[in-house]
Every structure is written in C-alpha cells, then in structure tokens.
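Please open the model in a viewer and keep the sequence panel visible. The tour proceeds by selections, each followed by a description of what is found there.

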Amino acid sequence: MPKSLILLNSSFNLNNNHLELKCLVDSNPEPVVFWYKNNQELIHIGESLILRNSLEKLMTIDGEYTCQAKTPGFDAIQSKTSIITTGS
C-alpha cells in the first residue's frame, strides 16, 4: 500500500552534449514512470530520460516533456517541463 506518491519535479543537466531529465517520485510501492513529448507519444519508461539533438534524423529535443508516475490503485500524477534550444 503506497504511503505517499509525490512528484518532486523534473530537472535537467547539460553534460557531454546531451540533456538528462529526471523524474523523482516518492512512493511505496514504487511507481512506473512514463515520458511523453508534446502530450502525444510515449517516448520512454523509467526515471531518467536522455535527449540528444540529431540533425541526420531531422529531430530536435525542443518540446514539452511530461513525466507521469503511475501506481496501481491510485491516480497518476505528472509534471511538465519545456525545452527550447537555440542555435547560431
């Protein structure tokens, strides 16, 4: 039985030309964390999400990212953050 389910926040660190988003959740039992981009596609399952710009694939990391924590028997909670990159 979960004692608490608190989504602390999404955070990001730029390191070695990639961006890492972390979704920290306090829950017992442990929830499953899902990641979405622009409220549409499921892009990852897990606490951390690594993003890289890819010019070859014409992909960008720009967008709104949502981490959603789900624990069976309880309502899902979520947090959002927006990523905007600038180029020269």
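The stops below begin with the whole chain and then move to individual residues.

**The whole chain**

Display the entire protein chain as a cartoon, bearing in mind that this is a predicted model. The secondary structure consists of 7 strands and 0 helices, and along the sequence the order is β-β-β-β-β-β-β. Switch to a surface representation: the accessible surface amounts to about 6,200 Å², and carbon and sulfur atoms contribute 50% of that area. The chain has 88 residues, of which 31% count as buried. Among the contacts with a separation of 6 or more, 49% are made by residues that lie 24 or more positions apart.

**The disulfide**

How many disulfides does a search of the whole structure find? The search returns 1 disulfide. Select Cys23 and Cys67 and show their side chains: the disulfide joins these two residues, with an S to S distance of 2.3 Å. Cys23 belongs to strand E2 and Cys67 to strand E6 (residues 63-70), so the pair ties together parts that are 44 residues apart in sequence. Viewed along the S-S bond, the link of Cys23 and Cys67 is right-handed, with an angle of 65°.

Are these cysteines buried or exposed? Cys23 counts as buried because its relative accessibility is 1%, and Cys67 counts as buried because its value is 0%.

Now add Lys22, which is placed in strand E2 (residues 18-27). Lys22 counts as partly exposed, since its relative accessibility is 29%. Draw a distance between the C-alpha atoms of Lys22 and Cys67: the separation is 8.6 Å, for residues 45 positions apart along the chain.

**From strand E6 into the next loop**

Select Gln68, which also lies in strand E6. Gln68 is buried, because its relative accessible area is 14% and the limit for that class is under 20%. Show the side chain of Gln78 as well; a polar contact of 3.5 Å joins it to the side chain of Gln68. Which residues are in contact with Gln68, its neighbours within four places in sequence being left aside? They are Val32, Val33, Phe34, Tyr36, Ala76, Ile77 and Gln78.

Continue to Thr71, in the loop between E6 and strand E7 (77-83). Thr71 counts as buried, since its relative accessibility is 4%. Display Ser27 too: the side chains of Thr71 and Ser27 are joined by a polar contact of 3.5 Å.

**Phe34 and Lys70**

Select Phe34 and Lys70 and turn the view towards the ring. Lys70 lies over the face of Phe34, at 5.0 Å from the ring centre. For ring-to-ring pairs, the count comes to 0 aromatic pairs, the rule being that ring centres must lie within 6.5 Å.

**Tyr36 in strand E3**

Next, select Tyr36, found in strand E3 (residues 32-37). With neighbours within four places in sequence left aside, Tyr36 is in contact with Glu41, Leu42, Ile43, Glu64, Tyr65, Thr66, Gln68 and Lys70. Two of the residues visited earlier, Gln68 and Lys70, thus appear in this list. Draw a distance from the C-alpha atom of Tyr36 to that of Gln68: these residues are 32 positions apart along the chain, and the separation is 8.1 Å.

**The loop between E3 and E4**

The last stop concerns backbone angles. Most residues other than glycine have a negative phi. Select Asn38, in the loop between E3 and strand E4 (41-45). What is the phi of Asn38? Phi is near 55°, a positive value in a residue other than glycine. Asn38 counts as partly exposed, because its relative accessibility is 37%.

Extend the selection to Asn39, which is placed in the loop between E3 and E4. Asn39 has a positive phi of about 60°, although it is not a glycine. With a relative accessible area of 49%, Asn39 is partly exposed, since the exposed class applies over 50%.

Terms used: Residues are numbered from 1 along each chain as its sequence is written. This is a predicted model: local features need pLDDT of at least 70, side-chain atom pairs count only at pLDDT 80 or more; totals for chains, interfaces and linings use all residues. Side-chain values use heavy atoms; hydrogens and water are left out. Rings of Phe, Tyr and Trp (its six-membered ring) pair if their centres lie within 6.5 Å; planes under 30 degrees apart count as stacked, over 60 as edge-to-face and the rest as tilted. A charge sits over a ring if NZ of Lys or CZ of Arg is within 6 Å of the ring centre and within 35 degrees of the ring normal. Helices (H or I, at least four residues) and strands (E, at least two) are DSSP runs, numbered from the N terminus. Buried means under 20% relative accessible area, exposed over 50%, partly exposed in between (1.4 Å probe, protein chains only). Contact means heavy atoms within 4.5 Å. Accessible areas come from the Shrake-Rupley method with a 1.4 Å probe; for residues, only the protein chains shown count as cover. A disulfide is a pair of cysteine sulfur atoms within 2.5 Å. A polar contact is a pair of N or O atoms within 3.5 Å; within protein, one must be able to donate a hydrogen and the other to accept it, and residues adjacent in sequence count only if both atoms are side-chain atoms.
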